[in-house]
Amino acid sequence: MKTLPNKKGKLMGAIFFYIFIYFIGYYGSNILNMLTVRPIITNRFVVALVPVYGVALMHAYMIVTKPLPPGKDVTVEYALFEFVALPVVLITVGAIYFMWNGKGNQDDHTVAVPTNIDTEAATTESSPIHDQKTDSQTEVSEFSEGKQNSDKS
């Protein structure tokens, strides 16, 4: 009785291999940023794809140039698709998803903390109490106007 080859296990192995290469690139860029004074790499999700594509090109080159194992009814095109193209596409889509998901989390934090609001203008426009000048404000403004007039003459 013949058993069918376990192709699912080989595909999962290839995907886990490329995920491992992706995380090496991701955390390697993180370590590089920690070692430098200013962060060199701003988008680690995309930079981590560089080693994945490099290993994929070398893997594809090895599949094309070396003879396939004897006794396997696998074509070169099928091997390239299953062991190189499919895992690389899945890793790329995953990296884009996590980059997009991480960008949404950063936007939530920036919305919570407004950065460029003129607080004095916002408070004076919103409350009618500040429309009247207090005695100390009047004295300060009169003093500064008097000093400016004496400086001009």
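Why does L35 count as exposed? L35 counts as exposed because its relative accessibility is 70%. Exposed means over 50% relative accessible area, buried means under 20%, and partly exposed lies in between (1.4 Å probe, protein chains only). The place of L35 is in helix 1, which spans residues 7–35.

The structure is a predicted model, in which local features need pLDDT of at least 70 and side-chain atom pairs count only at pLDDT 80 or more, while totals for chains, interfaces and linings use all residues. Residues are numbered from 1 along each chain as its sequence is written, and side-chain values use heavy atoms, with hydrogens and water left out. The pLDDT is the predictor's confidence in each residue, from 0 to 100. Its mean for the chain is 78. A value of 70 or more is reached by 63% of the residues.

The chain holds six helices and zero strands. Helices (H or I, at least four residues) and strands (E, at least two) are DSSP runs, numbered from the N terminus. Along the sequence the pattern reads α-α-α-α-α-α. Confidence varies among the elements of the chain: helix 3 (residues 49–65) has the highest mean pLDDT, 96. Helix 5 (residues 119–126) has the lowest, 54.

Of the 153 residues in the chain, 19% are buried. The chain exposes about 12400 Å². Carbon and sulfur atoms supply 65% of that area. Accessible areas come from the Shrake-Rupley method with a 1.4 Å probe; for residues, only the protein chains shown count as cover. Contact means heavy atoms within 4.5 Å. Among contacts with a separation of 6 or more, 63% join residues 24 or more positions apart.

L35 also takes part in a surface feature. Together with I31 and M34, L35 makes a nonpolar surface patch of about 360 Å². Patches are made of residues with over 30% relative accessible area and no salt bridge; like charges are joined within 9 Å, and nonpolar side chains (Val, Leu, Ile, Met, Phe, Trp, Tyr) within 5 Å. A salt bridge is a side-chain nitrogen of Lys or Arg within 4 Å of a carboxyl oxygen of Asp or Glu.

N33 lies in helix 1 as well. Unlike the exposed L35, N33 is buried, with a relative accessible area of 14%. Not counting residues up to four places away in sequence, N33 touches P39, I40, I41 and R44.

T42 lies in the loop between helix 1 and helix 2. T42 is exposed, at a relative accessible area of 78%. The C-alpha atoms of T42 and S29 are separated by 9.4 Å, with the two positions 13 residues apart along the chain counted as their separation.

V47 belongs to helix 2 (residues 44–47). At 32% relative accessibility, V47 counts as partly exposed. V47 touches S29 and I41, residues up to four places away in sequence not being counted. V47 and S29 are 18 residues apart along the chain, and their C-alpha atoms are separated by 7.5 Å.

T92 lies in helix 4 (residues 76–112). T92 is buried, with a relative accessible area of 17%. Its neighbours within four places in sequence aside, T92 is in contact with L49 and Y53. The side chains of T92 and Y53 are joined by a polar contact of 2.9 Å. A polar contact is a pair of N or O atoms within 3.5 Å; within protein, one must be able to donate a hydrogen and the other to accept it, and residues adjacent in sequence count only if both atoms are side-chain atoms.
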